[in-house]
Amino acid sequence: MTILSVLVGLAAPNLLSRKWSHHITTLLFFGFGLWSLWDAFKEDGDDDEFAEVEAKLDADLKANAGATKKSSKDDDDLKKQKRSFLLQFFSPIFLKAFSITFFGEWGDKSQLATIGLAADENPLGVVLGGILGQALCTTAAVLGGKSLASQISEKIVALSGGVLFIVFGIQSFLSTVEA
């Protein structure tokens, strides 16, 4: 996703002048910053939604508690043996994780910001920084998602993101445009 965003960002200055793409990028940073700050201050019950999903997952877990782990493991092994080699690699969980991440990121603020950065900055640095940032966030989510979510509120995350976007907007506004 990051590489696709950078490629779009590289094409943007060919469609628009470098000056206009810089100004659009600056406006996007300020807009995303204000949007994130707005989300942080309005916070309309996302914690309730999280609790609702958690309750549903707990109910599903209790409903499936009757099956033993051994029979479940045997069923999984049998299913794996029936799948071809390629389908074993692209397991259902791999495909779910890939599609959730890929389509969840499609068109979000970070992707649009990456496009703007790539239009205005060194594309290699944008790719490496974007991939490293995504890898760290995904690793933190996978390893400590539930405990991290209980310790850090969405409001703090939105506030931090909003402030960072505003800082990037200020930096972009103060920087000169190369012709």
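In this predicted model, a cluster of aromatic residues, made up of Phe-29, Phe-32, Trp-35, Phe-165 and Phe-168, is linked by ring pairs. The structure holds four aromatic pairs, and two of these are set out below.

| Pair | Centre to centre | Angle between planes | Class |
|---|---|---|---|
| Phe-29 and Phe-168 | 5.9 Å | 55° | tilted |
| Phe-32 and Phe-165 | 5.5 Å | 65° | edge-to-face |

Phe-29 belongs to helix α2 and Phe-168 to helix α9, so their pair ties together parts of the chain that are 139 residues apart in sequence. The pair of Phe-32, in helix α2, and Phe-165, in helix α9, likewise links distant parts of the chain, 133 residues apart.

As to burial, Phe-29 has a relative accessible area of 4% and is buried, whereas Phe-168, at 40% relative accessibility, counts as partly exposed. In the other pair, Phe-32 counts as buried at 6% relative accessibility, and Phe-165 is buried with a relative accessible area of 14%.

The helices that carry these rings also pack against each other: α2 (residues 18–42) and α9 have their axes 7 Å apart, at an angle of about 160°. Because angles over 145 degrees count as roughly antiparallel, α2 is described as roughly antiparallel to α9. The residues of this contact divide into 15 nonpolar, eight polar and one charged, and α2 passes α9 in a left-handed crossing.

Confidence varies along the chain: helix α9 (residues 154–174) has the highest mean pLDDT among the elements, 88, and helix α4 (residues 69–82) the lowest, 58. For the chain, the mean pLDDT is 75, with 66% of residues reaching 70 or more.

Conventions. Residues numbered from 1 in each chain as written. Predicted model: local features only at pLDDT ≥ 70, side-chain atom pairs only at ≥ 80, totals over all residues. Heavy atoms only, no water. pLDDT = per-residue confidence, 0-100. Helix = DSSP H or I, 4+ residues; strand = E, 2+ residues; numbered from the N terminus. Axes fitted to C-alpha atoms, helices over the stretch in contact; angles between N-to-C directions. Parallel < 35°, antiparallel > 145°, perpendicular 65-115°, else oblique. Left-handed = near helix turned anticlockwise from the far one by under 90°. Nonpolar A, V, L, I, M, F, W, Y, C, P; charged D, E, K, R; others polar. Phe/Tyr/Trp six-rings, centres within 6.5 Å; stacked < 30°, edge-to-face > 60°. Buried < 20%, exposed > 50% of the residue type's maximum accessible area, 1.4 Å probe, protein only.
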